[in-house]
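Student: I would like a close look at one part of this model. Please take the largest nonpolar core, and then set it in the context of the rest of the chain.

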Amino acid sequence: MLNLKIFDRYIGKQLLGSIIAATIVLSVVLVLANLFKKLIGVLSQHPELGWGFVFEFASNVLPFSLIFTIPWACLTSILLIFGRLSADNELTALRMAGLSMARICTPVFVISILMTCFTFLMNVEVAPKSQAKIAQIFFELATENPGAMFVNDEVVNTLPGYSLFTTERELIDEESGQYLLKNLQLVKLSDRKRPEMFVQADEAIIGFEPGNNDDLYLELTKAHLEKASGIEARDFNKAQMVQPGEAILQLSLAELKERHRKERPSFMTVAELGREIRDANDDPKRKSTLLTEFHKRFSLSMACITFTFIGIPLGITAQRRETTVGFALSLIIAIAYFLFIVIAEMFHENPDAFPHLLMWTPNLVFLSLGLVLFWRLSRR
């Protein structure tokens, strides 16, 4: 008689080891490698940041990436393992020993539930705090060392409410933190991310107001200021023209710090989202955005279970030992699944589209398909 404990350990060890290995590979190759490539470029532009900044940023990106890489790793591992078991006729031997598919897959279901619990914890608590920390890192960089946020020939959005571009930056006073910016272009954005003011200047000096770290000033040379249509003159009360072609533009960090404290839904834990939803009854768009984020956390947490049910029958049907086939299948399914999430999120401000319910579409589609395929497989 087959020793079921040995069989459970055999399947469980293979699957768990494969999930861990796949998660590491996906995290390193798809997340950390690209991240470090970009951050090394930033570090070359800003040597004053140091490697401590890089590793702090990476340590906060990793928890957020796990909510995507762990389900994908589960799917890839299941496709590979069951494809190999089917190709080697091990599943046929187990079925001939009188075991049902449900019993054969029991260790897989247990591990899937454990992975679901782990990703649920990441979704509701850890990942939002990591995202908030990432935003805080860049915000502190922008507010404590404004010149350091600029990268030559790249648009910078680090300073909330502004998009800035400069072709060259140069530190002119290390003690006061003043930088000379050449060919500056600045766009001031409204709360709805629409342009309010456009600024162009051949040169600009950026630094803190003397004795006041809550205000930045931009001393512009050969400047051109233009307001967007529909913007009143009072919106320019912080731009003081000194003489034709020159201006001093003040950027209030106090206002930006206050705006930054109003956390985005993606920065909130599930408990915080619940409180915000109860307080947002007078703002349908805000409530819809919060509800969408709330349901997204729970929907994504179900990905491991969904991928388990669709991965087992597809892996057995494929009957392939090759890694490339299993990975290609997992890539197609994962892209389709997460594409549903992205589409639902596009309607987050439209209550009439019920985006919070659309968040459950990928689970309903793939889980239903997986259950039908698994049922048919069990009846063979």
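Tutor: What follows starts with the whole chain, goes into the core, and ends with the regions outside it.

This is a predicted model. The chain has 12 helices and 7 strands. Of its 380 residues, 44% are buried. Take the contacts in the chain with a separation of 6 or more: 66% of them join residues 24 or more positions apart. Average pLDDT for the chain is 79, and 77% of the residues score at least 70.

Now the core. The largest nonpolar core holds 48 residues. Within it, Phe82, Met101, Ile312 and Tyr337 touch the most other members. Eight entries make up the list of elements giving two or more residues each: H1, helix H2 (50-87), helix H3 (90-96), helix H4 (101-104), helix H5 (106-144), helix H9 (303-318), helix H10 (323-346) and helix H12 (361-378). H2 gives the most, with 12 residues.

Tyr337 is a good place to zoom in. Neighbours within four places in sequence are set aside here. Beyond them, Tyr337 is in contact with Ser299, Leu300, Ala303, Thr306 and Phe307. Tyr337 is also in contact with Pro362, Asn363 and Phe366. Those three residues are buried in H12.

That leads to H12 itself. H12 has 18 residues. From first C-alpha to last, H12 reaches 25 Å, close to the 26 Å expected at 1.5 Å a residue. The buried residues in H12 are Pro362, Asn363, Phe366, Gly370, Phe374 and Leu377. Seen down the axis of H12, these buried residues fall within an arc of 90 degrees, so they line one face of the helix. On the other side of H12, Leu364, Trp375 and Arg376 are exposed.

Next, two polar side chains in helices that contribute to the core. Thr119 is in helix H5. Thr119 counts as buried because its relative accessibility is 0%. Again leaving aside neighbours within four places in sequence, Thr119 is in contact with Ile67, Ile70, Pro71, Ser301 and Cys304. A polar atom of the Thr119 side chain lies 3.0 Å from the backbone oxygen of Thr116. There is also a long-range pairing to note. Thr119 and Ala303 are 184 residues apart along the chain, yet their C-alpha atoms are separated by 8.9 Å. Ala303 is one of the contacts of Tyr337.

Ser27 is the second case. Ser27 lies in helix H1 (residues 4-45). With a relative accessibility of 4%, Ser27 counts as buried. A polar atom of the Ser27 side chain lies 2.7 Å from the backbone oxygen of Thr23.

Now step outside this core. A second, separate core has 23 residues. Its members include Val156, Met197, Ala204 and Leu218.

Helix H7 (residues 270-279) can be read in the way H12 was. Its buried residues are Val270, Leu273, Gly274 and Ile277. They cover an arc of only 105 degrees around the axis, which puts them on the same side of H7.

Two backbone details deserve a check on screen. Lys222 is found in strand E5 (residues 212-227). Phi of Lys222 is near 50 degrees, a positive value in a residue other than glycine. Lys222 counts as exposed because its relative accessibility is 59%. Phe354 has a positive phi of about 50 degrees and is not a glycine either. Phe354 lies in the loop between H10 and helix H11 (355-358). With a relative accessible area of 46%, Phe354 is partly exposed.

Last, a caution. Over residues 231-243, pLDDT stays under 50. The model has 23 contacts beyond four places in sequence for residues 231-243. Where pLDDT is low, the predicted coordinates should not be read in detail.

Terms used: Residues numbered from 1 in each chain as written. Predicted model: local features only at pLDDT ≥ 70, side-chain atom pairs only at ≥ 80, totals over all residues. Heavy atoms only, no water. Helix = DSSP H or I, 4+ residues; strand = E, 2+ residues; numbered from the N terminus. Buried < 20%, exposed > 50% of the residue type's maximum accessible area, 1.4 Å probe, protein only. Polar contact = N/O pair within 3.5 Å; in protein donor to acceptor, adjacent residues only side chain to side chain. Core = buried A, V, L, I, M, F, W, Y, C linked by side-chain atoms within 4.5 Å. Contact = heavy atoms within 4.5 Å. Expected span 1.5 Å × (residues − 1). Arc of directions from axis to C-beta. pLDDT = per-residue confidence, 0-100.
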